[in-house]
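Visitor: I would like to learn how to read a few features of a protein model. Could you take me through them one at a time?

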Amino acid sequence: MDWKTLAAQLFPQGHSIVEQDFFLSGKAEVDGKPVAVIGTTGHTAIGVEIALAQAKAVLATVRHHPGRPIVILVDTQGQRLRHRDEMLGINSYMAHLGKCIELARRSGHRVVALVYDQALSGGFITSGLMADACYALPDATIRVMALPAMARITKVPEEKLVELAKSNPVFAPGAENYFVMGGIEAIWKDDLARNLAQAMAQAATTDRRSAHGMARGGRRSAQRVMDAVIADGQPRAA
C-alpha cells in the first residue's frame, strides 16, 4: 500500500507526515491525541543515513515531547548491502536505532509498529520488532531471511527448507506465519484507524511475543526456555 493512502486511513483526524529520501517523519492525531510518526517507504534498504534519521527522530520525540506515543511504519528490504555501509559499521548504526527505541519505551513512550508492505531482516528487527507491539496488513511480506540465503548459511538443501516451510512457520515467510510465532500481535484487515487507537490503548510494556508464540503453537519452546533460564538464575539456598 502507498504510504499516503495508508496515512489517510490510519490518521483520518489529520497528519503532517512528510517523505524525504524514503524516510517518513511527522505528527498525527489518534483519538484526538498527538503521536509521533517515523518510518520508511519504497522498500528502501536501511543504510547508515536512514538508520540515523530514524534514531534522531525517536530521540527528538523523547527530548521534546515526553510520553508522546510513537508509530513506526515499516516498509524495508532490510539493511543496505553495500561495501561502504559495511565499512562504516552498519550493524552499529542499526543497533543504535534499536537502543533509541528501547530508550523511548523505558522513558514512558508507547511504541506501536505496523508492517504495511515489506519487512525483511535487520531493517525489521531493529524497528518493528523493537516496538511494544508490531502489527501487519494481510498482504505484508515479512521474513528475516529468504530460504535460498538460509540454505547457503545453514547448508540445509533449499528443497528441504521449502518442504519444512509448508508445516513449520519458523521457516515460512508471511504475516500469518509471524502471527502464529507471536512476532506479530495481530493482522489488521479493516478500519485501520480504529485498530491503531485500540493498539495504542492496549500496548503492553512487557514482551508477550514468546507467550503468544507458545499459545498459538508457532514457537512451542521459546517461552519454556526463557522461564528455565530465569529460574536457573535465581539465588539458591545454601
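Visitor: Is arginine 80 buried or exposed?

Guide: A good place to begin, and please keep in mind that this is a predicted model. Arginine 80 has a relative accessible area of 16%, so it counts as buried.

Visitor: Which side chain does arginine 80 meet in a salt bridge?

Guide: Here is the general idea: side chains of opposite charge can pair when their charged atoms come close. In this structure, arginine 80 pairs with aspartate 85, at 2.8 Å from N to O. Aspartate 85 is buried too, because its relative accessibility is 0%.

Visitor: How many salt bridges does a search of the whole structure find?

Guide: The search gives 12 salt bridges. One of them links aspartate 207 and arginine 209, at 2.7 Å from N to O. Aspartate 207 is exposed, with a relative accessible area of 52%, while arginine 209, at 27%, is partly exposed. There is also a network: salt bridges with shared partners join Glu102, Arg105, Arg106, Arg110 and Asp132.

Visitor: Where do arginine 106 and glutamate 102 lie?

Guide: Both are in helix H4, four residues apart, which is about one turn of the helix. Their side chains form a salt bridge of 2.6 Å, N to O. Arginine 106 counts as exposed, at 72% relative accessibility.

Visitor: Now to helices. How many residues does helix H2 have, and what does it reach from its first C-alpha to its last?

Guide: A useful reading is to set the span of a helix beside the value expected at 1.5 Å a residue. H2 covers residues 48–64, 17 residues in total, and reaches 24 Å, close to the expected 24 Å.

Visitor: Which residues of H2 are buried, and what do they pack against?

Guide: The buried residues are Val48, Ile50, Ala51, Gln54, Ala55, Ala57, Val58, Thr61 and Val62. They pack against strands E2 (23–30), E3 (33–40), E4 (44–46) and E5 (70–79), as well as helices H3 (83–88) and H4 (90–106).

Visitor: And cysteines: how many disulfides does the count come to?

Guide: For a disulfide, look for two cysteine sulfur atoms within 2.5 Å. By that rule the count is zero.

Visitor: Why is cysteine 100 too far for a bond?

Guide: Because the closest cysteine sulfur, in cysteine 134, is 18 Å from the sulfur of cysteine 100. Cysteine 134 is likewise in no disulfide. Cysteine 100 is buried, at 4% relative accessibility, and cysteine 134 is buried at 3%.

Methods. Residues numbered from 1 in each chain as written. Predicted model: local features only at pLDDT ≥ 70, side-chain atom pairs only at ≥ 80, totals over all residues. Heavy atoms only, no water. Helix = DSSP H or I, 4+ residues; strand = E, 2+ residues; numbered from the N terminus. Expected span 1.5 Å × (residues − 1). Buried < 20%, exposed > 50% of the residue type's maximum accessible area, 1.4 Å probe, protein only. Contact = heavy atoms within 4.5 Å. Salt bridge = Lys/Arg side-chain N within 4 Å of Asp/Glu carboxyl O.
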